[in-house]
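Student: I have a model to go through, and I want the reasoning behind each label. Can we take the terms one at a time?

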Amino acid sequence: MPVYRVNKAEALRYLGYAGQATDGLLDDRIDELIESCERLSKPDFLYRIFPVEETEEGVRLVGSSLLLEGDDIRAHLHGARECAVMACTLGLANEVAAQRMKAKGALDALVFGAAGSSLVECAADACEAAIVADGARRGLHTNWRFSPGYGDLPLSIQPAIVRALSADKKLGITVTKSDLLIPVKSVTAFVGLFDEPRAHTKRTCAGCACAAHCSLRKAGNPCYR
């Protein structure tokens with residue numbers, strides 16, 4: 001099982017910190033709220049892989065109702081053999097705890113929310129690492145995850161993602177009328193799988209967001225070899 005931890009420096013960046021010092025009492029409170037976020041969250045993820053068909057209307061994921069529209073996602077998946085559709089969440093327990101934090105005060109709510117943003121990105125890294133390993137076992141190479149709302153890929157694709165993954169039943173993720181995800185600390189994304197390495201492919205594990213969760217690296221067979 002992956003180990004999920006809040007990256008404190010990342011959480012502080014979400015709060016607008018840029019290296020300035022924090023006093024001892026505030027720093028202790030931040031640590032307490034980070035620990036609470038880790039304890040009260042239930043990170044989980046799932047993904048499915050579909051063949052890709054490029055059409056005039058957009059990128060169609062064969063075997064699903066997903067048609068990805070927009071120049072940016074078309075460029076992201078151009079030449080891909082397959083596309084992984086992923087979803088991850090911190091679960092409803094985090095959502096309930098976040099609401100309680102609002103009652104305690106603005107500071108607690110802000111810090112807890114920032115910690116949650118860092119933690120759900122950790123879960124997304126773990127999911128992406130699983131996709132990289134899945135592709136590598138079949139001789140395929142991946143690019144980076146691309147989420148609705150990036151570039152011109154509309155948020156309106158969110159309900160179709162949830163349906164394609166049965167993420168409502170399996171992860172408890174639902175979509176609002178304005179195409180936002182509930183629980184709020186949830187992420188969906190697309191990762192392309194290709195026959196050849198992409199131009200961005202790392203030649204080292206250093207700096208790779210997936211490194212902490214990568215089964216290939218732990219087995220001594222990283223994806224760039």
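Student: What makes the span of helix 5 close to the expected one?
Tutor: This is a predicted model. Helix 5, residues 106–137, has 32 residues. From its first C-alpha to its last it reaches 47 Å, against 46 Å expected at 1.5 Å a residue.

Student: Why is helix 5 called largely enclosed?
Tutor: Buried means under 20% relative accessible area. In helix 5, 24 of the 32 residues are buried, so the rest of the structure largely encloses this helix. Across the protein, buried residues make up 44% of the 225 residues.

Student: What comes just after helix 5?
Tutor: Glycine 139, with a positive phi of about 75 degrees.

Student: What makes glutamate 121 and arginine 145 a salt bridge?
Tutor: The cut-off is 4 Å between a side-chain nitrogen of Lys or Arg and a carboxyl oxygen of Asp or Glu. Here the closest N and O atoms are 2.8 Å apart, so the pair counts. It links distant parts of the chain: glutamate 121 lies in helix 5, and arginine 145 in the loop between strand 5 and helix 6, 24 residues apart.

Student: Is arginine 145 buried or exposed?
Tutor: Buried, because its relative accessibility is 12% and the limit is 20%. Glutamate 121, at 25%, is partly exposed.

Student: Which other residue in helix 5 forms a salt bridge with arginine 145?
Tutor: Aspartate 125, with the closest N and O atoms 2.9 Å apart. Aspartate 125 is buried, with a relative accessible area of 13%. Glu121, Asp125, Glu128 and Arg145 are linked in a network of salt bridges. The structure holds 11 salt bridges.

Student: Where do glutamate 32 and arginine 29 lie?
Tutor: Both are in helix 2, three residues apart, about one turn of the helix. They form a salt bridge, with 2.8 Å between the closest N and O atoms.

Student: Why is glutamate 32 called partly exposed?
Tutor: Its relative accessible area is 42%, and partly exposed runs between 20% and 50%. Arginine 29, at 26%, also counts as partly exposed.

Student: How do you know which residues join helix 2 to helix 4?
Tutor: Contact means heavy atoms within 4.5 Å. By that test, Leu33, Cys37 and Leu40 in helix 2 meet Ala93, Asn94, Ala97, Arg100 and Met101 in helix 4. The residues divide into six nonpolar, one polar and one charged. The two helices pack at an angle of about 145 degrees, with axes 9 Å apart.

Note on methods. Residues are numbered from 1 along each chain as its sequence is written. This is a predicted model: local features need pLDDT of at least 70, side-chain atom pairs count only at pLDDT 80 or more; totals for chains, interfaces and linings use all residues. Side-chain values use heavy atoms; hydrogens and water are left out. Helices (H or I, at least four residues) and strands (E, at least two) are DSSP runs, numbered from the N terminus. The expected span of a helix is 1.5 Å times one less than its number of residues. Buried means under 20% relative accessible area, exposed over 50%, partly exposed in between (1.4 Å probe, protein chains only). Axes are lines fitted to C-alpha atoms, for helices over the stretch in contact, and angles run from 0 to 180 degrees between N-to-C directions. Ala, Val, Leu, Ile, Met, Phe, Trp, Tyr, Cys and Pro count as nonpolar, Asp, Glu, Lys and Arg as charged, and the others, Gly among them, as polar.
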